[in-house]
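Grab the model and work through these exercises at your own pace. Each one sets a task and then walks through a solution.

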Amino acid sequence: MSTKEIDDRFKKFGTVSFTSVSKINDFIDYLEQGKVMGTKCRDCGMKFFPPRADCFKCLTSNMDWFEVSEAGKLISFSKLQYGPVGFENDLPYTIAVLDFGEYKVFGRVSDKVPEDDLQVGMDMKVAVNELPNGQKNFVFEKA
Amino acid sequence: MGKVGIIGVGQSAFVRGYPGSIKELTFEGFREAMQDAQISTEDIESSIVCSSPEYDKQRSPAGVLSEYLGLIPQPTCYLETLCSSSSMGVRMGYSLIKSGLHDVVAIIGFQKMSEITSAESQERMGRGADLQWESPFGTMMPAYYAMYARAHMDKYGTTSEDLASIRVKASTYGQINDKAVYRKAVTMDKLTDPESKMAGPVASPLRVGDCCANADGSSCIIMASEEKAKALSKKPIWVLGVGAASTAVNMSGRDLFTGLTVAKDAATEAYKMAGVSPKDINVAEVHDCFTIAELMAYDNLGFAEPGKGVELIRNKETYKDGSIPVNIDGGLLSKGHPIGATGGSQIRTIVKQLRGEAEEMQVKDPEIGLVHNIGGVGLYGNVTILGR
């Protein structure tokens with residue numbers, strides 16, 4: 001009897017991951033290589049972040065990976081004093097959105113960047129981050 | 001095809017820790033609407049039950065509640081768009097009546113947020129976003145609206161005091177609304193003094209006083225076809241426009257951070273349906289789950305040019321005697337926000353205003369009113385326009 005192996009790599013994402021099985025689980029392998037990746041539709045060229053397995057325009061699933069390697073502009077941010085269950089040890093932390101033109105990225109600001117240094121419109125880049133509990137996510141640093 | 005009218009409105013008091021079951025809570029809003037409409041349960045041909053399921057312990061509440069309210073064997077169903085569920089219910093009720101399928105429909109909103117423990121609630125809060133891509137970062141509702149507040153401040157020079165002045169206005173009217181959970185006066189000092197609890201940070205730049213409170217509550221709106229409305233009611237209020245829209249849940253899918261596209265899109269549709277423009281609105285209820293949300297609504301609904309909405313609160317134009325009175329029942333900030341019941345409560349307020357029955361909260365002789373009700377962080381938007 002063979003047991004079917006479940007590809008649950010996505011459980012590695014973030015302080016608490018609420019998803020384990022997804023068709024874009026290669027995202028986690030790239031993350032472990034230090035890369036933050038989105039997907040691009042081979043048929044229409046549309047770029048997606050967060051990455052997706054399927055293109056709603058073409059109704060196809062022909063995706064290539066691309067790396068989020070340029071600098072993006074800080075659209076907005078907020079420092080949280082309260083968090084949901086499971087995030088108590090991370091507090092306080094800052095969430096933010098960066099604009100890369102063709103797509104945007106939602107994530108956290110690196111703990112190394114003080115809130116006072118943040119300004120709407122400033123350039124920031126994305127970096128892979130290992131959390132104290134061994135999980136991985138990505139954070140925004142000064143470009 | 002004729003018009004669609006509202007012939008009965010009701011809500012429970014919005015409270016912390018309602019001492020009863022969801023059936024008993026829902027009965028309170030229903031009873032008030034039925035007594036208002038002066039009809040019997042046999043007159044209601046269908047019901048739509050609206051709430052947000054993360055707070056429900058009861059699976060499939062529509063059946064249990066319609067039985068308790070005496071609305072069986074009529075068809076019923078459950079409808080959910082987070083905090084705008086009961087406004088969306090009114091939109092669906094409108095289409096049931098317009099289609100000719102039913103003549104009288106009850107829209108029943110409820111939420112017993114205290115049904116679950118605060119630990120369970122905190123756990124659910126973490127799942128209120130894009131579960132796969134946002135929740136793993138540790139997101140909370142206030143932090144999302146806080147990002148909108150930050151972008152608004154950066155682009156338009158809005159200040160924390162401007163936001164606080166929205167809360168001061170809300171408390172002015174919350175004090176005279178006996179259905180409100182928060183009925184104390186709130187002064188600017190209380191919101192800005194660093195020693196004050198209400199000035200404590202939640203998610204920068206939003207502070208405790210910028211956020212509405214959870215509550216338990218229910219609401220009910222009874223809608224009828226033109227013929228039935230005229231036969232059953234002396235003072236039907238007509239539904240002139242029911243606009244609705246949606247957008248990306250994940251912030252990375254949004255293009256606007258100084259306003260809500262769903263509010264703009266829903267308003268555009270509602271104004272077009274009603275054949276009116278923003279200047280025709282005499283009284284409004286807007287979804288002030290956070291102070292910044294009311295400020296953005298001023299622009300998004302066309303009460304002010306983009307970025308100029310802040311002038312409305314600075315000049316007190318949105319007070320009861322101003323040019324466009326907004327939330328003269330205390331808003332969500334004072335009433336509290338029992339998710340599924342909120343839209344129905346907002347619609348009840350405007351119906352009472354248009355009938356001239358708002359007592360101490362009454363705005364001078366309004367003819368057309370508007371309700372702006374948002375689900376999630378600008379994920380769903382409903383704009384409903386009502387007239388005499």
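Helices (H or I, at least four residues) and strands (E, at least two) are DSSP runs here, numbered from the N terminus. This is a predicted model, where local features need pLDDT of at least 70, side-chain atom pairs count only at pLDDT 80 or more, and totals for chains, interfaces and linings use all residues. Residues are numbered from 1 along each chain as its sequence is written, chains are lettered from A and ligands numbered from 1 in the order in which they are written, and side-chain values use heavy atoms, with hydrogens and water left out.

**Exercise 1. Find the backbone oddities in chain B.**

Start with phi. B:Gln38 has a positive value of about 55° without being a glycine. This residue sits in the loop between helix 1 (22-37) and strand 2 (46-50) of chain B.

Next, check omega. The peptide bond from B:Ile72 to B:Pro73 is cis, with omega near 15°, and B:Pro73 belongs to the loop between helix 2 (61-68) and strand 3 (76-79) of chain B. The bond from B:Ser204 to B:Pro205 is also cis, with omega near 0°; look for B:Pro205 in the loop between strand 5 and strand 6 (206-207) of chain B.

Why flag these at all? Because most residues other than glycine have a negative phi, and most peptide bonds are trans.

**Exercise 2. Sketch chain A.**

Count the elements: chain A has one helix and eight strands. Then put them in sequence order, which gives α-β-β-β-β-β-β-β-β. For the extent, the C-alpha atoms fill a box of roughly 55 × 40 × 25 Å along the principal axes.

**Exercise 3. Describe how chain A meets chain B.**

First, the head count: 39 residues of chain A and 33 residues of chain B take part in the contact (heavy atoms within 4.5 Å).

Second, the area. About 2900 Å² is buried between chain A and chain B, with carbon and sulfur atoms giving 69%. Buried area is the accessible area (1.4 Å probe) that two parts lose on being put together, summed over both. A:Phe18, A:Lys104 and A:Phe106 supply 22% of what chain A buries against chain B, more than any other three residues.

Third, the charged pairs. A salt bridge is a side-chain nitrogen of Lys or Arg within 4 Å of a carboxyl oxygen of Asp or Glu. That rule finds two across this interface. One of them joins A:Lys104 to B:Asp255, with the closest N and O atoms 2.9 Å apart.

Last, the elements. Strand 4 (72-80), strand 5 (93-99), strand 6 (104-109) and strand 8 (136-142) of chain A each give two or more residues to the side that touches chain B. Strand 4 of chain A gives the most, with six residues.

**Exercise 4. Pick out a salt bridge that spans the sequence of chain B.**

Over all chains, the structure holds 29 salt bridges. Take B:Lys169 and B:Glu294, whose side chains meet at 2.9 Å, N to O. B:Lys169 lies in helix 6 (residues 160-174) and B:Glu294 in helix 10 (residues 291-300) of chain B, so the pair ties together parts that are 125 residues apart in sequence.

**Exercise 5. Survey the open and closed spaces.**

Set the rules before you look. On a 1 Å grid over the protein atoms alone, a cavity is a set of points where a 1.4 Å probe fits but cannot get out, while a pocket is an open set with protein on both sides within 12 Å along at least five of seven lines; lining residues have an atom within 4 Å of a point. Grid points are joined across faces, edges and corners, and a volume is the space filled by probe spheres set on the points.

Now the largest pocket: about 1600 Å³ of space. It has 49 lining residues, and B:Met125, B:Cys211, B:Cys212, B:Ala213 and B:Asn214 are the closest to its centre. Helix 4 of chain B contributes the largest share of that lining, five residues.

The second largest pocket holds about 290 Å³. Among its 18 lining residues, B:Arg348, B:Lys352, B:Ala358, B:Glu359 and B:Met361 lie nearest the centre. Helix 13 (residues 339-355) of chain B gives the most to this lining, with five residues.

Finish with the closed space. There is one cavity of 30 Å³ or more, and the largest cavity has a volume of about 40 Å³. Its lining includes B:Ser160, B:Met198 and B:Arg207.
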